[in-house]
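Please examine the sequence and the structure shown below. The questions that follow concern its interior and its surface.

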Amino acid sequence: MIIGVTAVMVAVSLPVGGIVFAIISQIFTEFGIGLTHPTTSAIALQHANSGEEGEVSASLHFTDAFSPGLSIGLGGAFIAVSETLQWGLFTGMLLALSLQLFFVILSLAISFRIRQKNFASEEIQTNSI
C-alpha cells in the first residue's frame, strides 16, 4: 500500500500521461488493501477472548466505517483549505495524499505490536479439563 499511495502522489505531479501511472498505482494500492483487510479481521478475532468475539467484531465494523470517513473528511478539508489560501489544487491533493501515506505507515508501525497466539497451550488446557 505504501508503494501505491506514493505512486499516486507521483502520478498527480506528472504533467502528461499521469492517468496510466495512476491506474498502475491504484493496482498496487488495492492489492495491499486486499491483502490486509481480511487478514486484520481474522487476526483480531483470533486474539479475542472467549465470549468477547462480538465486541471485537463490533469494533472492527466501527473502524471499517469510521476510518475511511475520517480520511476522506480530512483530505477534503486539506484540499478546501489549500484552495482558500490560494496554494493551488495540487498542494491540497498532495496534503491529502500525504495524510493517506501517514495513515498507512502508522498502521504498519502499529501492526508490529501483534503477537502470535500460541494454540498448542490452549489445546492442552482444553483437553485436560
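**Core and surface of a predicted model**

The largest nonpolar core has 6 residues in all: Val5, Val8, Met9, Leu97, Leu101 and Val104. This is a predicted model, in which local features need pLDDT of at least 70 and side-chain atom pairs count only at pLDDT 80 or more, while totals for chains, interfaces and linings use all residues. Residues are numbered from 1 along each chain as its sequence is written, and side-chain values use heavy atoms, with hydrogens and water left out.

Q: Which elements give two or more residues to the largest nonpolar core?
A: A nonpolar core is a set of buried Ala, Val, Leu, Ile, Met, Phe, Trp, Tyr and Cys residues joined through side-chain atoms within 4.5 Å; buried means under 20% relative accessible area, exposed over 50%, and partly exposed in between (1.4 Å probe, protein chains only). Helices are DSSP runs of H or I with at least four residues, numbered from the N terminus. The elements asked for are α1 (2–13) and α4.

Q: Which residues is Leu101 in contact with, leaving aside its neighbours within four places in sequence?
A: Contact means heavy atoms within 4.5 Å. Leu101 belongs to the largest nonpolar core. Its contacts are Ile2, Val5, Thr6 and Met9.

Q: Is Leu70 buried, partly exposed or exposed?
A: Leu70 lies in helix α3. Its relative accessible area is 35%, which is between the 20% and 50% limits, so Leu70 is partly exposed.

Q: How far apart are the end C-alpha atoms of α3?
A: The expected span of a helix is 1.5 Å times one less than its number of residues. Because α3 has 32 residues, it should span 46 Å. In agreement, its end C-alpha atoms are apart by 46 Å.
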